[in-house]
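Hi there,

Here is the structure I promised to pass on. Have a look at it first, and then read my notes below.

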Amino acid sequence: MPSNSIDSLLHEERRFPPPEEFTGSAVATGALYERAAEDRLAFWAEQARELHWDTPFTETLDWSNPPFARWFADGTLNVAYNCLDRHVIAGNGDRVAIHWEGEPGDSRTITYAQLTDEVKRAANVLTSLGIEAGDRVAIYMPMIPEATVAMLAVARIGAVHSVIFGGFSADSLRDRIDDAGAKLVITADGGWRKGAVLPLKPTVDSALAKSAKNTVTNVLVVKRGENEIEWTDTRDVWWHDTVHGASAEHEAQPFEAEQPLFILYTSGTTGKPKGILHTSGGYLTQASFTHRNVFDLKPETDVFWCTADVGWVTGHSYVVYGPLANGATQVMYEGVPDSPAPGRWWKIIEKYGVTILYAAPTAIRTFMKLGREIPQASDLSSLRLLGSVGEPINPEAWIWYRDIIGAGKTPIVDTWWQTETGAIMISALPGVTTLKPGSAQTPIPGISIDVLGEDGTRVDPPNGGLLVVSEPWPSMLRGIWGDPERFKETYWSKFAALEGSKYFAGDGAHVDTDGDIWLLGRVDDVMNISGHRLSTTEIESALVSHPIVAEAAVVGAADETTGQAVVAFVILRSKQAGKQTADEASTLLRTHVGQQIGAIAKPRQIFVVNELPKTRSGKIMRRLLQDVAEGRAIGDTTTLADTSVMQIISDKMKA
Ligand code: PRX
């Protein structure tokens with residue numbers, strides 16, 4: 001992170017106390033911290049009671065078998081009822097749930113009553129297709145309201161959704177469908193992206209054709225892109241033929257608080273993505289609590305917009321479950337920020353009077369580069385709060401976001417969390433916290449975070465170390481689908497020698513003398529590209545699966561806009577010598593990675609080299625490659641088996 005290096009971070013001295021509009025009227029007050037400090041479990045139990053429970057829970061946390069937590073375990077609830085029916089019953093059926101904007105400019109307004117009816121219809125269809133509680137349903141959709149409807153319909157009948165981001169390839173989709181043993185896939189013919197229809201159903205067809213397990217019995221297809229698709233009569237079902245005509249009578253059944261709600265695949269340090277498992281009561285408690293308090297949500301007047309895709313965890317917690325559990329009105333947008341022109345986001349904010357915007361630093365840095373004239377052409381005066389998520393936000397981008405988008409007055413909440421944590425863990429609270437640009441600041445009430453040295457001792461501020469969560473939290477992952485050992489090993493073994501179980505997040509962090517936390521990026525082989533996680537090993541496997549490649553090494557190199565970018569070093573097989581130029585090989589391999597994983601994983605650069613730097617035991621020293629990729633002086637090479645390798649590689653880069 002060039003402008004987020006620890007030096008530049010710690011010279012950041014600007015402070016922003018809560019503005020007057022927030023003090024006294026904000027949802028969150030300092031009393032939350034006091035209550036949580038006094039009795040953490042009682043605090044979470046009180047937050048959980050904001051939900052509708054069919055059977056009230058009597059036990060808050062069962063941590064008798066760490067790291068397998070059970071929250072509110074003897075209570076029962078229906079997640080979809082909490083997001084829908086209860087708002088209608090409370091008299092808010094006419095409130096807009098979703099202002100949806102399609103990329104080509106079409107739009108739909110959906111009230112809570114309408115959304116509830118649509119979910120009930122879809123739930124009836126799922127049942128008629130044989131889906132029962134506990135079954136897995138894969139969702140591969142564009143950002144259209146039916147994506148939300150599909151997720152809630154699955155939740156309503158106690159089934160488990162696995163949403164796969166629409167940019168993933170057929171192979172990635174197949175792996176995820178097979179790993180979860182999904183019975184049904186919900187998709188669309190295609191969706192609009194960058195001014196064209198991105199086909200989805202054809203990708204589902206190829207994924208299923210390659211499936212080793214053949215667990216899928218039906219594919220439910222929403223018509224959106226109007227693109228030509230193939231049809232398998234015995235398997236494929238149109239959404240409009242079934243859902244639109246189905247009964248809107250559907251009584252939500254209660255499920256146990258620990259009923260699995262969703263699996264979401266994320267990259268780890270090995271080639272195989274992990275299916276992160278979340279359950280119902282604890283997840284919904286923390287998603288809704290954080291959505292209310294971190295974003296200061298006033299459901300009667302606010303228009304919330306989280307720009308994330310439902311294919312990522314941010315879309316799960318802050319497009320679907322958090323906002324809907326809180327009865328919020330939100331904007332949902334199908335396309336990219338620059339279609340048909342770079343000002344699209346700002347036009348949407350003006351059109352719907354968005355009051356709270358939650359976006360990623362990569363987007364902010366991209367807008368910064370394009371210039372302030374573009375946002376300034378729209379009326380952004382409705383905005384009163386801004387959020388940031390997914391990667392560290394450098395102070396420069398933070399200040400630009402506040403000054404240009406937030407008219408120099410809106411608080412910014414920089415929220416740190418992960419797919420695994422389910423909901424926000426570290427963030428300022430508007431109305432309470434004095435903001436420091438670049439720091440995510442403090443754990444939210446009820447969350448215990450520590451920064452430890454390698455030996456497990458707490459670092460002495462100001463100092464850096466490894467971020468851990470030191471007490472269980474309601475929306476914590478409950479495991480990795482089908483792999484309890486990997487769950488223990490990945491997250492809980494690093495500090496196993498310490499008393500109490502410590503969740504190791506994989507992030508480095510610095511604590512300043514005020515106790516505020518500054519996130520410093522991943523400490524493992526996971527890269528963060530535009531706020532999306534990718535593993536170096538996964539991309540290396542994709543590269544070596546191509547017949548021309550003998551060996552590959554991938555690093556995440558600092559990138560001004562996307563935080564990090566994928567840079568690959570490959571050795572071609574000797575029989576390839578002279579068959580193509582380095583440029584041709586690089587183009588071929590970028591396309592190949594796109595086909596294997598998805599466009600987001602395509603390396604920014606691929607360098608064809610003759611050797612890779614390895615230790616005597618054969619381990620590739622990525623740190624040195626990272627030095628080259630970032631244009632730095634090469635670090636210590638004394639442990640290399642052949643110390644001249646780096647000189648050759650770096651000469652090659654300069655050539
Ligand atoms: O490295 C941290 C970074 O994103 C990782 C989690 O990625 P993912 O599971 O895809 O979830 C992203 C959206 C919640 C973390 O391990 N990260 C996330 N938020 C921040 C962040 N890094 C710095 N500051 C943040 N606010």
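Helices α7 and α12 are oblique to each other, a word kept for angles outside the classes under 35 degrees (roughly parallel), over 145 (roughly antiparallel) and 65 to 115 (roughly perpendicular). Their axes cross at roughly 60° and come within 11 Å, with α7 spanning residues 145-156 and α12 residues 313-325. Axes here are lines fitted to C-alpha atoms over the stretch in contact, and angles run from 0 to 180 degrees between N-to-C directions. Helices are DSSP runs (H or I) of at least four residues and strands are E runs of at least two, numbered from the N terminus.

From α7, Thr148, Met151, Leu152 and Ala155 meet His316, Val320, Tyr321 and Leu324 of α12, where contact means heavy atoms within 4.5 Å. Six of these contact residues are nonpolar, two are polar and none is charged.

Please remember that this is a predicted model, with local features needing pLDDT of at least 70 and side-chain atom pairs pLDDT 80 or more, while totals for chains, interfaces and linings use all residues. Residues are numbered from 1 along each chain as its sequence is written, and side-chain values use heavy atoms, without hydrogens and water.

Some backbone details may interest you too. The Pro66 to Pro67 peptide bond is cis, with omega near 5°, and Pro67 sits in the loop between β1 and β2. Asp296, which is not a glycine, has a positive phi near 50°. Asp296 counts as buried (under 20% relative accessible area, 1.4 Å probe, protein chains only), at 1% relative accessibility.

Best wishes

Definitions and conventions
Ala, Val, Leu, Ile, Met, Phe, Trp, Tyr, Cys and Pro count as nonpolar, Asp, Glu, Lys and Arg as charged, and the others, Gly among them, as polar. Buried means under 20% relative accessible area, exposed over 50%, partly exposed in between (1.4 Å probe, protein chains only).
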